[in-house]
Amino acid sequence: MKILAIETSCDETAIAILEAEGGFENPQFKLIADNLNSQIELHREYGGVYPTIAKREHTKNLIPVLEKTLKDAQVLRYIVVPEGVGINIDKKKKEEVEKILEREPELLATFLDFIPTIEKPDIDYIAVTQGPGLEPALWIGLNFAKALSVFWDIPFIPVNHMEGHVLSVLWDEKKDSRFKIQDSRKIRFPALALLISGGHTQLVLMQDWLQYEIIGETQDDAVGEAFDKVARMMGLPYPGGPEISALANKTRNLDVGRLNSEFEKKFNLPKPMIHSGNCHFSFSGLKTSILYKIKDLDLDDEVKAQMAREFEDTVVEILLKKTERAIEENEVKTLIIGGGVIANKEIRKAFQKFAEEKELNLLIPEMKLTGDNAIMIGIAGYFRALKNPKGVDIDGIRADGNLRLK
Ligand code: KG4
Ligand code: ZN
């Protein structure tokens, strides 16, 4: 089965085509093509993602990214018409597309300029992120996917972005061509997913495929958000996660004995809710504590690096503690970690060690699939298509910035 997947929930316009087979028993994937257009450079100027800019960029980028992906997949064929004869667009389909893209006139114009000039590609499903994320950005991708689905008569599959992050761990980049998922990439239930991204920090219990129960989540900031905010306080650019991590690594790699002895204990960062007796998280107190310390301390580069390291260590400790609790309470067999923050090397290392000690099956995504991407939307789309072979009626589906896993 071939899936065209589209992701526009935040600041990446991503499209992938993948082939999947094997069902729930033995899912296998092959990547045919994928392209991602990141807006990070644009948003960096503002210190965060601006929804209106994200929307404008998705509108501009969707058609070029699609064209490139179809071309890479070798399924791009232009319709040949005799000279002087215009392309014949099915009137009814054109009207339907006009209705779907009523609120996106620019996207409608580029859609009608390009899509009718190419042949319908050999694709079985169109999967797209429905939420959560920035609503203006989500709407663009969602409506674009609806229009394609109607124009090409291809079943439509809406996908929860967080389900994409969960199932991103199934991907094995080393076996890029057709491959069988190895033992280490098999989910054994009950499974627990720790989702850590810019908008989410959740512990999600899975008793089976596509069944989710959120058993813990942040009561305030998401962990990625905390990284971004702390970075901003230190004058570092957006996104802050990689910046903090790079800074922290300086003190891990170098001998900074002066700082270690002088400041290590002094920082004494709080670990909010660590003993709360449940699986919930809180990161805003940690962030605020750093804000005060920044005001109190002379923030030279070395002190900054030390603070970044202690922040990172504290985050690791909180994540481990809450995950351990959830695992013990639910007799978990597989631990999945997904979301942009699992790009963090210290967090990866800490969980690898943890899983070894607990003899847990740990699944973390390839680096390429930690951040937002369309491949994970295609993977989730595959399982949703298995459940819904005819696809989903486009009419009832609205972009939902707060869509929850269930
Ligand atoms: O999943 P994602 O790409 O987008 C959302 O769905 O939110 O996650 C983005 C988040 C940002 O907050 C970013 O700072 C964080 O992931 N992040 C990191 C690292 N790389 C990205 N946080 C910590 N360490 C990293 N190396
Ligand atoms: Zn994400």
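These are my notes on the ligand site, the two biggest pockets and a few odd backbone spots in this structure.

**Entry 1: what I'm looking at**

The model is predicted, so I read every value below as computed from it.

**Entry 2: the ligand shell**

I started with ligand 1 and asked which residues surround it. I got 19 of them, and the closest are Gly 198, Asp 228, Gly 241, Gly 340 and Asn 344. Sorted by class, the shell comes out as twelve polar, five nonpolar and two charged residues.

Next I checked which helices feed this shell. Helix H6 (161–167), helix H7 (223–233) and helix H8 (240–253) each put in at least two residues.

**Entry 3: polar contacts to ligand 1**

I pulled up the pairs that end on an oxygen atom of ligand 1. Gly 340 uses a backbone N or O atom, at 2.9 Å from such an oxygen. Gly 241 also comes in with a backbone N or O atom, and here I read 3.1 Å to a ligand oxygen. His 165 works through its side chain: a polar atom there lies 3.2 Å from an oxygen of ligand 1.

How much of ligand 1 does the protein bury? Taken alone the ligand exposes 550 Å², and the protein buries 85% of that.

**Entry 4: the largest pocket**

Where does ligand 1 sit? I found it in the largest pocket. That pocket holds about 1300 Å³ of space. I listed 47 lining residues, and those closest to the pocket centre are Ser 197, Gly 198, Gly 199, Asp 228 and Tyr 238. Gly 198 and Asp 228 had already turned up in my list of the residues closest to ligand 1.

For the lining I noted H6, strand S7 (201–206), H7 and H8, each with at least two residues. H7 gives the most, six residues. By class I have 23 polar, 14 nonpolar and ten charged residues in this lining.

**Entry 5: the second largest pocket**

I moved on to the runner-up, which has about 600 Å³ of space. Its lining has 20 residues; Lys 99, Ile 100, Trp 139, Asn 143 and Lys 146 are the closest to the centre. The elements giving two or more residues here are helix H3 (91–100) and helix H5 (135–152). H5 has the largest share, six residues.

I also wanted the class split: ten charged, eight nonpolar and two polar residues. For my own side-by-side, the lining of the largest pocket had ten charged residues too, but with 23 polar ones.

**Entry 6: backbone oddities**

I scanned for cis peptide bonds and wrote down two. One runs from Phe 189 to Pro 190, with omega near -5°. I placed Pro 190 in the loop between H6 and strand S6 (191–196).

The other runs from Tyr 238 to Pro 239, with omega near -10°. Pro 239 falls in the loop between H7 and H8. I flagged this one, as H7 and H8 both contribute to the ligand shell, and Tyr 238 is among the residues closest to the centre of the largest pocket.

Last, I looked at phi for Asp 153. The angle is near 60°, positive in a residue that isn't glycine. Asp 153 is in the loop between H5 and strand S5 (156–160). H5 is the helix I had just noted for its six residues in the second largest pocket's lining.

Conventions
Residues are numbered from 1 along each chain as its sequence is written. Chains are lettered from A and ligands numbered from 1 in the order in which they are written. This is a predicted model: local features need pLDDT of at least 70, side-chain atom pairs count only at pLDDT 80 or more; totals for chains, interfaces and linings use all residues. Side-chain values use heavy atoms; hydrogens and water are left out. A residue is near a molecule or strand if one of its heavy atoms lies within 4 Å of it. A polar contact is a pair of N or O atoms within 3.5 Å; within protein, one must be able to donate a hydrogen and the other to accept it, and residues adjacent in sequence count only if both atoms are side-chain atoms. Accessible areas come from the Shrake-Rupley method with a 1.4 Å probe; for residues, only the protein chains shown count as cover. On a 1 Å grid over the protein atoms alone, a cavity is a set of points where a 1.4 Å probe fits but cannot get out, and a pocket is an open set with protein on both sides within 12 Å along at least five of seven lines; lining residues have an atom within 4 Å of a point. A molecule sits in a cavity or pocket if more than half of its atoms lie within 2 Å of its grid points. Helices (H or I, at least four residues) and strands (E, at least two) are DSSP runs, numbered from the N terminus. Ala, Val, Leu, Ile, Met, Phe, Trp, Tyr, Cys and Pro count as nonpolar, Asp, Glu, Lys and Arg as charged, and the others, Gly among them, as polar. Grid points are joined across faces, edges and corners, and a volume is the space filled by probe spheres set on the points.
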